[in-house]
Amino acid sequence: MAMVLFSCENSLDKVKQFIDTDTINGVLAYDVVFTRSDSGYIQARLFAPIMHKVEGDSAILEFPKGFLAYIYDKDSTAESKIRAEYGIRYEKEELLFARDSVVVENLETQETLSTETLFWNQKNKKIYTNNFVKITSPDKIIYGDSLTANEDFTQRVIHGMRATLEIEDDENGF
């Protein structure tokens, strides 16, 4: 019994160092709502089931279980939304990288962008990807090799556009 009691020992200083908050460089949070505002007006709101924040010279916010972000106009009306299965935000650069089933929707025009990766530069309010894109609207589908657009997805340039397919509705709605 005496062997068990004295076989494990740590100095009090080592224990303090281990649990000292200064040595912890990250925070884990659940059911996160992240809001970006300017002059009292909400510009964007991001929702995520899990957020991992890493402090330091290159501070990041990681969303390992995905996220959903809304971008608002000056009247606080949601203009567009971005969702993905994974995301990472580089705080210093104000750049969010999204991957895996990325979808951007313009809520007003009902246009949807689908791609596998997307960068959202929050400083200059642009989104872009160098991956294959599919843009679906109520009346057509557009395919391309890459895309650059403003964050509300109202102005865009599609690089390497391959096809535009017109969608026709017949009288029966089929």
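**Exercise 1. Find which strands each supply at least two residues to the lining of the largest cavity, then describe that cavity.**

Step 1. The strands to look at are β1 and β2, each giving the lining at least two residues. Strands here are DSSP E runs of at least two residues, numbered from the N terminus. A quick word on the model: it's a predicted one, where local features need pLDDT of at least 70, side-chain atom pairs count only at pLDDT 80 or more, and totals for chains, interfaces and linings use all residues. Residues are numbered from 1 along each chain as its sequence is written, and side-chain values use heavy atoms, with hydrogens and water left out.

Step 2. Now list the lining: Phe34, Arg36, Ala44, Arg45, Leu46, Arg89, Trp120 and Gln122. A cavity is a set of points on a 1 Å grid over the protein atoms alone where a 1.4 Å probe fits but can't get out, and lining residues have an atom within 4 Å of a point. β2 provides the largest share, three residues.

Step 3. Sort by class: four nonpolar, one polar and three charged. Nonpolar covers Ala, Val, Leu, Ile, Met, Phe, Trp, Tyr, Cys and Pro; charged covers Asp, Glu, Lys and Arg; the others, Gly among them, are polar.

Step 4. Add the volume, about 60 Å³. That's the space filled by probe spheres set on the points, with grid points joined across faces, edges and corners.

**Exercise 2. Work out what lines the largest pocket.**

Step 1. Count the lining: 14 residues, with Gln43, Tyr72, Asp73, Lys74 and Lys125 nearest the centre. A pocket is an open set with protein on both sides within 12 Å along at least five of seven lines.

Step 2. Split them up: four nonpolar, two polar and eight charged.

Step 3. For the volume, write down about 300 Å³.

**Exercise 3. Explain why strand β7 (residues 95-106) is largely enclosed, and trace its partners.**

Step 1. Nine of its twelve residues are buried, so the rest of the structure largely encloses β7. Buried means under 20% relative accessible area (1.4 Å probe, protein chains only).

Step 2. Go through the partners; strands pair if DSSP finds at least two bridges between them. β7 pairs antiparallel with β5 (residues 78-84) over four bridges, with β6 (residues 86-90) over five, and with β8 (residues 111-121) over ten.

Step 3. Pin down the register: Arg83 sits opposite Val103, Tyr86 opposite Arg99, and Leu95 opposite Asn121.

Step 4. Check the turns. Glu94, in the β6-β7 hairpin, has a positive phi of about 50°, while Gln110, in the β7-β8 hairpin, has a positive phi near 60°.

Methods. Buried < 20%, exposed > 50% of the residue type's maximum accessible area, 1.4 Å probe, protein only.
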